[in-house]
Amino acid sequence: MSLYNSKINFKCIIEKLPQINLLKSIGVREGMTVCIKSKQPFGGPVVIEMGKRSVAIARDVAQQILVREVQ
Amino acid sequence: MGCHTSKEADIHIEKDDLKILLMGNPNVGKSVVFSKLTGMDVMSANYTGTTVSYTKGGIRYKDKKGVLIDVPGTYSLEATSVAEEVAVDFLKEESADVVICVLDATNLERNLNFAFQIKEYNIPVVFALNLIDVARRQGVDIDVQKLERELGNPVISTVAIRNIGLGDLLEKAWEVAGNEIDVAEKVDLTEDERWQEVGRIIKEVQTVDHRHPTFLEKLGDQCLKPFPGLPIAFVVLMTALGVVVGGGKGLRAAIFLPLVHNWIVPFFRMLVSNFVTEGVIYNVLVGEYGVFVKGIEWPFALILPYVFLFYIVLSFLEDSGYLPRLAVLVDASFRRIGIQGGNIVPIIMGYGCAVPAILGTRAATTKKERIIVASLVSLAVPCAAQTGAFIALLGDHSLLLLGLVYLISFIAIVIAGILMDKFIPGQSDPMLLEIPNLLMPDGSSLFKKIWLRTKEFMLEAEVPMMMGVGFAALVAETGMLNSISGYVAPLTTGWLGLPPEATLGLMLGVIRRELAVLPLLDLNLSTLQLLVGSVVALFYIPCLSVAGVLIKEFGLKLSLAIGVSTIVLAFFIGGLINHTVTYISLLF
Ligand SMILES: Nc1nc2c(ncn2[C@@H]2O[C@H](COP(=O)(O)OP(=O)(O)O)[C@@H](O)[C@H]2O)c(=O)[nH]1
């Protein structure tokens, strides 16, 4: 399932990331537990929570991030 | 206006001065550390990408001297963006004696990953574990001594804004500078190994207390949801507008105008009349349009109140960490004009002054986005000084007209954005933006920032303004204005329907944006003429300092293209409005 389609406030683990350097250096990595905090309409980004941090990720990228729900 | 000088002060570096690089991820408090250590003022802001160009400053520790180089903040050292390339070049080529690497204690993982990348360059490193106060408030506790052992470098906890720990930091920097790095001991980690190592260290040194979120944390999260995020954004922006426009009018009427009219101008009149008798020189100096009359009234009484209030609002928004939240909300709309939401920051800055806005586009990762944002700001975003001028010109006449000018500006931004997105090759990067904590801005650094920006405006605006007014008074007094006006009459009176004196605005508008508006003040223009004059001034050529920065950032060809298109558009749209309205009114 893609991160973009996971439900808001449901924890999931990242299984696969697209090849985008900034994603890694901003600290998003495979194996991390994250959850979507909010989603913007009209193709806007999602904001995910990882640990105590929040990161906004464009829809196109979030669609390429594969996750597994853990609840 | 408020225009920004990029201070690359020429500091003389002596042979035995210590050369220190200041590095770190974006938004870790690097600018604050730099200002505190050097006593130089650089601006900080609570979002990524404050430091895009580098600055050097001299520092002293006891009787020793050194130079501190503020390297652009980046997430990694892989040279994938301009800022990263600059950072890597510094590490490779500057032969620094020591690196001070600032780490964000609330974000240890990403920061330690960066720390390991720096350690690969064989330069002694001292770590500043900054924002330790915020970390504590969040319930994060870090064992500094353990961290020191794990990293094998000194680690000092700091609260940069309160100057805590910075003295120790310098002491350590001098202590380790020049230490030979034992190359044999160094391990080169692959990226995955590095993250694993970071994860292991964090388990060792960090304990997190789970606590209920604070009010600001909850508010910060709410701002990110379409509801209530959008209503909140609306309230925030309307409040900002109210403070600048309403507050500006109040300040102007209550303080600045009386001060200028009753005290400053009479003072200069008295002074000058002691030396000069009535005549051309007298008029140029203190006549109705004299250098010491309009040259003071315009910048100080009409413009300064708005600039000052704009910078209060901007600085507050920056330091609170609200802007990245706004970026998330506008991203979907901004993508329609070819840029991602993060560009809201330079665009909002453009409502203050286009110069820092254009420099701020360096944080954008693609050339296409930079060009779009810089062109939009040069074309259709009025700077705070011009806003002040518009309010002076239109505010008393009709607020509706003022609103109309801003509506036209907004429509132009949308249309120009869509067109540029279509015709400029290349693409824009998807949004990937760290959202900082919402913070109550620190009073003293906020105050300093507002003061710094206002001061810069006064210095940068006053001289060109006086020269512009002096030049205007001279051409008017000598009758030259009439002959020049004659030449451009087909354009001004014919096509735009403005009185011949409006030529002056077009001449002075080259110097500063508000000077394209202010000469229209006492011409008794009709409503249509006011509108046309304002629209022409809005789109008209970017001012001299903006032209300078465009050339510096994008080269002559592109700047010329931007400059020429804004002028052509200004006259085209102005004339179009004039003729359409005239034609329609003939029908009725
Ligand atoms: N509470 C707190 N705030 C800090 C500290 N250091 C910096 N800040 C704030 O954090 C924000 C980011 O700082 P800045 O210097 O612009 O970061 P830079 O991007 O690394 O240059 C600003 O709003 C600062 O006022 C600190 O130690 N404690």
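This report walks through chain B of a predicted model, from confidence to domains, backbone details and a surface patch.

Let us begin with confidence. The model scores ipTM 0.96 and pTM 0.86. Chain B averages a pLDDT of 89, and 94% of its residues score at least 70. Among the elements of chain B, strand S7 (residues 155-157) has the highest mean pLDDT, 97, while helix H2 (residues 82-93) has the lowest, 84. Over residues 1-10 of chain B the pLDDT is below 50, although this stretch has 31 contacts in the model beyond near neighbours in sequence.

The domain assignment splits chain B into domain 1 (5-208) and domain 2 (226-587). Their C-alpha centres lie 38 Å apart.

Next come some backbone details. A cis peptide bond, with omega near 5°, runs from Phe227(B) to Pro228(B), and Pro228(B) belongs to helix H9 (residues 226-273) of chain B. Two asparagines have a positive phi without being glycine, as the table shows.

| Residue | Phi | Loop in chain B | Relative accessible area |
|---|---|---|---|
| Asn163(B) | about 65° | between S7 and helix H6 (166-176) | 45%, partly exposed |
| Asn524(B) | near 55° | between helix H20 (503-508) and helix H21 (527-539) | 76%, exposed |

Finally, have a look at the surface. Leu404(B), Leu407(B), Phe410(B), Ile411(B), Val414(B), Ile415(B), Ile418(B), Leu419(B) and Phe423(B) form a nonpolar patch there, with about 830 Å² of accessible area together. One of them, Ile411(B), sits in helix H17 (residues 399-423) of chain B. Ile411(B) counts as partly exposed because its relative accessibility is 40%, between the 20% and 50% cut-offs.

How values were computed: Residues are numbered from 1 along each chain as its sequence is written. Chains are lettered from A and ligands numbered from 1 in the order in which they are written. This is a predicted model: local features need pLDDT of at least 70, side-chain atom pairs count only at pLDDT 80 or more; totals for chains, interfaces and linings use all residues. Side-chain values use heavy atoms; hydrogens and water are left out. pLDDT is the predictor's confidence in each residue, from 0 to 100. Helices (H or I, at least four residues) and strands (E, at least two) are DSSP runs, numbered from the N terminus. Contact means heavy atoms within 4.5 Å. Patches are made of residues with over 30% relative accessible area and no salt bridge: like charges are joined within 9 Å, nonpolar side chains (Val, Leu, Ile, Met, Phe, Trp, Tyr) within 5 Å. Accessible areas come from the Shrake-Rupley method with a 1.4 Å probe; for residues, only the protein chains shown count as cover. A salt bridge is a side-chain nitrogen of Lys or Arg within 4 Å of a carboxyl oxygen of Asp or Glu. Buried means under 20% relative accessible area, exposed over 50%, partly exposed in between (1.4 Å probe, protein chains only). Domain bounds come from an automatic or database domain assignment.
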